[in-house]
Structure formats: structure tokens, C-alpha cells
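Please open the model in your viewer and keep the sequence beside it. The tour below proposes one selection after another and states what is to be found at each.

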Amino acid sequence: MGVGAVPPAHWKRLAAHVIDLFVSFVLMGLWAALVDGMSELGVAQLGDGFLFWISLSLPIGLRTLMEGSSLQASVGKLAMGLRVVDERTGEGLSYFRAFVRAAVRMLVSPVVLVHLTVLLSDRRQGLWDMIAKTRVLNR
């Protein structure tokens, strides 16, 4: 399947996003519980700012590792039969490109209107896809 492949239906990307949000919240919740438990035991006293950045880095790290690997997909994309590719070559992403995509997505996701780019783009690319020069395709 080359770079000219038809992008997946909007509902598939939305479902993958919801699954990924759930996974992210579970990861951040487990991290918070671990840190809280360590604080209760007096093992670790970490600043709130540090905890915030670690909480953000967990989903970014997971997406980077998964989308940069031979899986070419986050947990949600795997569940929905999707993959992320380089828009120019159709090949899998480098870990750097996967990181850029994940970090930009994490930063702009709170702005709900940014998600309209997926609906309005003829290639169904989110702003994060455009910046990282990636596409989401069916497997």
C-alpha cells in the first residue's frame, strides 16, 4: 500500500483516539498511584512539576515506541486496524518522527478545534500529522 492509499474512515480514527486516551489515562493513573504510594512510605518526595512532566511523557513515550516500531501503530490504531506511515515514502516512521508526531499531538490535543483538521483535510491528516509529515492508513 503506497502513499496514495485511501485514508481510513473518520470513525476509525476517532475510535482509535478514544482507545488511546483510555490507555493514556490508565498509564497516568498507575503512575500517580505509584508515586502516591512511594510518598506515603517516605521513599520519594517529588515536586508537582516533575510529576506533571513525567505524566505527560508516559503516553508520548508509549506512542513513540509503538509508532516508531514495526507495529507502526498505537494501541488504539492496532485495535482499529490502522498504521502510521511517512507521507512521502509510505514506509514506517523513524523514532524521531514518531516522537515529533506524539509530542505535537499531546500539546495541541486540548484545543478541540484542532481535531477538525482531520475532518477538513482531504488526506484526513491531523495537525500533528501535517507537522510530522505522516499519514494514518488502513493496514
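In what order do the elements of the chain run from the N terminus on? The order is α-α-α-β-α-α-α-β, and the chain holds 6 helices and 2 strands. Helices (H or I, at least four residues) and strands (E, at least two) are DSSP runs, numbered from the N terminus.

Before selecting anything, please note how the values arise. This is a predicted model, in which local features need pLDDT of at least 70 and side-chain atom pairs count only at pLDDT 80 or more, while totals for chains, interfaces and linings use all residues. Residues are numbered from 1 along each chain as its sequence is written, and side-chain values use heavy atoms, with hydrogens and water left out.

**The whole chain.** Display the surface: about 7700 Å² is exposed, and carbon and sulfur atoms supply 72% of it. Accessible areas come from the Shrake-Rupley method with a 1.4 Å probe; for residues, only the protein chains shown count as cover. Of the 139 residues, 42% are buried. Buried means under 20% relative accessible area, exposed over 50%, and partly exposed in between (1.4 Å probe, protein chains only).

**Helix 1.** Select residues 10-40, which form helix 1, and find Val-26 there. Val-26 counts as partly exposed because its relative accessibility is 37%. Next, select Asp-20, also in helix 1. Is Asp-20 buried or exposed? Asp-20 counts as buried, because its relative accessibility is 5%. Its side chain is joined to that of Ser-74 by a polar contact of 2.6 Å. A polar contact is a pair of N or O atoms within 3.5 Å; within protein, one must be able to donate a hydrogen and the other to accept it, and residues adjacent in sequence count only if both atoms are side-chain atoms.

**The two strands.** Now select residues 82-86, which are strand 1; this strand pairs with strand 2 in the antiparallel sense over 5 bridges. Two strands pair if DSSP finds at least two bridges between them. Opposite Arg-83 stands Leu-137 in strand 2. Strand 2 covers residues 134-138, and 4 of its 5 residues are buried, so the strand is largely enclosed by the rest of the structure.

**Helix 6.** Finally, select residues 127-132, helix 6, where Met-130 is found. Met-130 counts as partly exposed because its relative accessibility is 34%. Measure from its C-alpha atom to that of Arg-101, 29 residues apart along the chain: the separation is 8.9 Å.
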